[in-house]
Structures are given as structure tokens and as C-alpha cells.
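Student: Before we look at the model together, I would like to ask how its labels are justified.
Tutor: Then let us take them one at a time and set each value against its definition.

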Amino acid sequence: MSHVLQYIHSSASDHCTALASPSYINFGISIFILFGILASYLSQYHRIIVRRSSEGISPYFLLLGTTAGTCAFANILVLPASRADLACCKEISGFGCFASLLGILQVGLVWSCFAGILLLFLIFFPRATALAPPEPLNSTPSYREALGVAGISAAHAFITAIISAVIVTRYPEHLQAYANALGLLATVLASIQYFPQIFTTWRLKHVGSLSIPMMCIQTPGSFVWAGSLFARVGWQGWSTWFIYVVTGILQGIVLGLGIFFELRNRKRRKEDENGGTLSGPEDTAREEEASSPSEATPLLGNK
């Protein structure tokens with residue numbers, strides 16, 4: 001038994017020694033990813049606030065994305081490899097500790113920023129009015145649904161935090177299995193989260209308040225981030241980085257749809273300016289929206 005404990009202690013010391021001298025290339029890439037995450041979400045915040053409407057963003061996309069982010073954040077927090085990095089912070093320098101925890105900071109930043117989109121979605125939620133004609137095919141979700149999405153997301157985060165605390169304190173031998181389960185759940189949720197948004201964008205034939213610059217940053221960034229996390233946790237931590245490979249592929253589909261509709265609608269607007277005629281039902285809807293309140297009028301509209 002003493003030989004086993006000595007081997008474990010030696011392995012831990014070797015791990016901490018490696019973390020004490022981080023790769024400056026990996027550190028630079030991680031910092032770049034961190035600022036890229038922040039810039040992409042600020043772009044989304046700006047678009048919602050400027051338009052004063054969250055029209056075009058699916059509440060179910062937000063629900064699945066927030067719960068997936070919660071699982072991903074809990075996954076990297078309880079992952080034995082991450083906990084080993086945290087333990088090494090007692091032995092290594094502040095710079096080495098900060099560099100080793102950048103992966104956790106990145107996942108936590110994504111989770112908090114996505115929750116920020118959910119908050120803005122509620123604040124600038126489009127409202128229905130008596131002047132808006134009934135359009136079942138283009139109807140927006142109700143505000144009650146939006147509140148339900150926020151409530152479920154908050155409850156899921158609370159329950160996940162409680163379960164994670166119990167596993168960490170009472171059943172540490174099951175941490176790897178629990179982390180894998182969280183990673184699988186996060187991957188499943190992230191895999192299906194984009195389907196409601198793909199459907200919403202296809203139905204509306206425009207992106208609405210969904211930010212194309214955000215998707216332009218995040219789509220390739222997902223693959224870069226997956227590679228960065230892989231460099232930290234390896235194949236053993238597949239449940240941490242594989243989710244970002246999946247989301248990168250699906251977000252690329254949303255990005256492709258968004259660019260297609262934006263280019264098509266821009267071409268139609270130019271044709272309208274030159275010919276003075278409308279080119280489609282969505283253009284007619286925009287003309288009506290500009291002249292009267294509609295379902296796209298935000299709760300906090302301009303006075």
C-alpha cells in the first residue's frame with residue numbers, strides 16, 4: 001500500500017511540475033480563445049439591444065444551449081484532470097496556476113455569456129398586440145414559454161450544482177464516470193440545440209436578432225477550442241472537448257442559412273429600390289411591421 005501511495009504522490013508531483021512550466025504557445029492560443037468568446041457574445045448582445053427585439057432567436061435553442069452549457073461547466077469542474085490542476089495551484093506559481101485553469105475559465109465564460117443571451121431574450125421579448133394579424137405559420141412563442149425556458153434553465157443549474165457537490169464530497173471515486181455522464185448529456189443537448197434555431201431561421205427566412213458575426217467567430221472557434229481542450233485533457237477528457245466539435249458543425253449550418261437569407265434579402269431589397277415592387281411575403285411583412293405594432297414589437301420598445 002505504501003508503494004502505491006508513493007507512486008500516486010510521485011505522479012501528482014510530476015503533473016504539477018509540468019504545469020509549472022506551461023507552453024507559451026498554448027497559453028497564447030487559450031487567451032486568444034478567451035477574448036474570442038467574449039467578443040462573439042458581445043456581438044450578439046449588441047444586436048439584440050440595438051434592434052430592441054429578440055425576434056428570430058428560438059427559446060428552445062436557448063433552453064437546450066443553457067442546459068448543455070451547465071452540463072459542460074459541471075463536467076470540467078468535476079473532471080479528475082481538472083481537479084488535479086486545481087490541486088497543483090497550491091504548489092506552483094500564480095502564472096502556472098492561471099495557465100492551467102484557462103480551460104475551466106473558457107467553459108465558465110461560455111456558460112455565463114449564453115445565460116446573458118437568455119436574459120436579454122426575456123427583456124426584449126417580442127409581444128403580441130391586437131393590431132397584429134393572426135399568422136399561425138409565423139407566430140412567435142409566448143412570453144409564458146420564454147419564462148418557462150428561463151425557469152427550467154435555472155432549476156437545471158441548481159440541481160446539477162447540488163448533485164455535483166454530493167458526488168465530489170461523498171463519492172469521489174465516481175467522479176470520472178459522473179464527468180463522462182455530464183459530457184455525454186452536454187453533447188446530446190448541444191447536438192439537438194441547433195435544430196430549433198435552424199427551423200426558426202428557415203421559417204422566418206431571415207436571421208432576425210441572431211448575430212452573424214457571432215456565428216462567424218464561434219463556428220471556426222469551436223474547432224480551435226476543441227483542439228485546445230484536447231491538448232489539456234487528452235483522450236481521457238473526450239467528454240469535455242467533443243461537444244465543441246459537434247456544436248461547430250451544427251453552428252456552421254445555422255451560419256450558412258443566415259448568410260444565404262441575408263444575401264438573398266439584400267438582393268431583393270435592391271430590386272425593390274430599382275423596380276419599386278415587393279419580392280416576397282417576408283418583404284410584405286416587413287413593410288407592415290414598419291407601419292404598425294406587431295408580434296416583433298419588443299416589451300421594452302421605444303417610447
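Student: What makes the contact between the side chains of E55 and R51 a salt bridge?
Tutor: The term requires a side-chain nitrogen of Lys or Arg within 4 Å of a carboxyl oxygen of Asp or Glu, and since the N to O distance between R51 and E55 is 3.3 Å, the pair qualifies as a salt bridge. By this rule the count comes to one salt bridge. This is a predicted model, in which local features need pLDDT of at least 70 and side-chain atom pairs count only at pLDDT 80 or more, whereas totals for chains, interfaces and linings use all residues. Residues are numbered from 1 along each chain as its sequence is written, and side-chain values use heavy atoms, with hydrogens and water left out.

Student: Why is E55 called buried, and what is R51 called?
Tutor: Buried means under 20% relative accessible area, exposed over 50%, and partly exposed in between (1.4 Å probe, protein chains only). E55 has 11% relative accessibility and therefore counts as buried, while R51, with a relative accessible area of 34%, is partly exposed.

Student: How do you know that the span of helix α2 agrees with its number of residues?
Tutor: Helices are DSSP runs of H or I with at least four residues, numbered from the N terminus, and the expected span is 1.5 Å times one less than the number of residues. For the 28 residues of α2 (residues 24-51) that gives 40 Å, and because the end C-alpha atoms are 41 Å apart, the two agree. After α2 comes R52, whose phi is positive, near 55°. Among the buried residues of α2 are F27, I37 and Y41.

Student: Why is S164 called buried, and which residues is S164 in contact with beyond four places in sequence?
Tutor: S164, which lies in helix α7, has a relative accessible area of 10%, so S164 is buried. Taking contact as heavy atoms within 4.5 Å, and leaving aside neighbours within four places in sequence, S164 is in contact with A74, V78 and Y178.

Student: What makes you cautious about residues 1-10?
Tutor: On the pLDDT scale, the predictor's confidence in each residue from 0 to 100, residues 1-10 stay under 50, and the model has zero contacts for them beyond four places in sequence. Where pLDDT is low, the predicted coordinates should not be read in detail. The protein averages a pLDDT of 80, and 81% of the residues score at least 70.

Technical notes
Helices (H or I, at least four residues) and strands (E, at least two) are DSSP runs, numbered from the N terminus.
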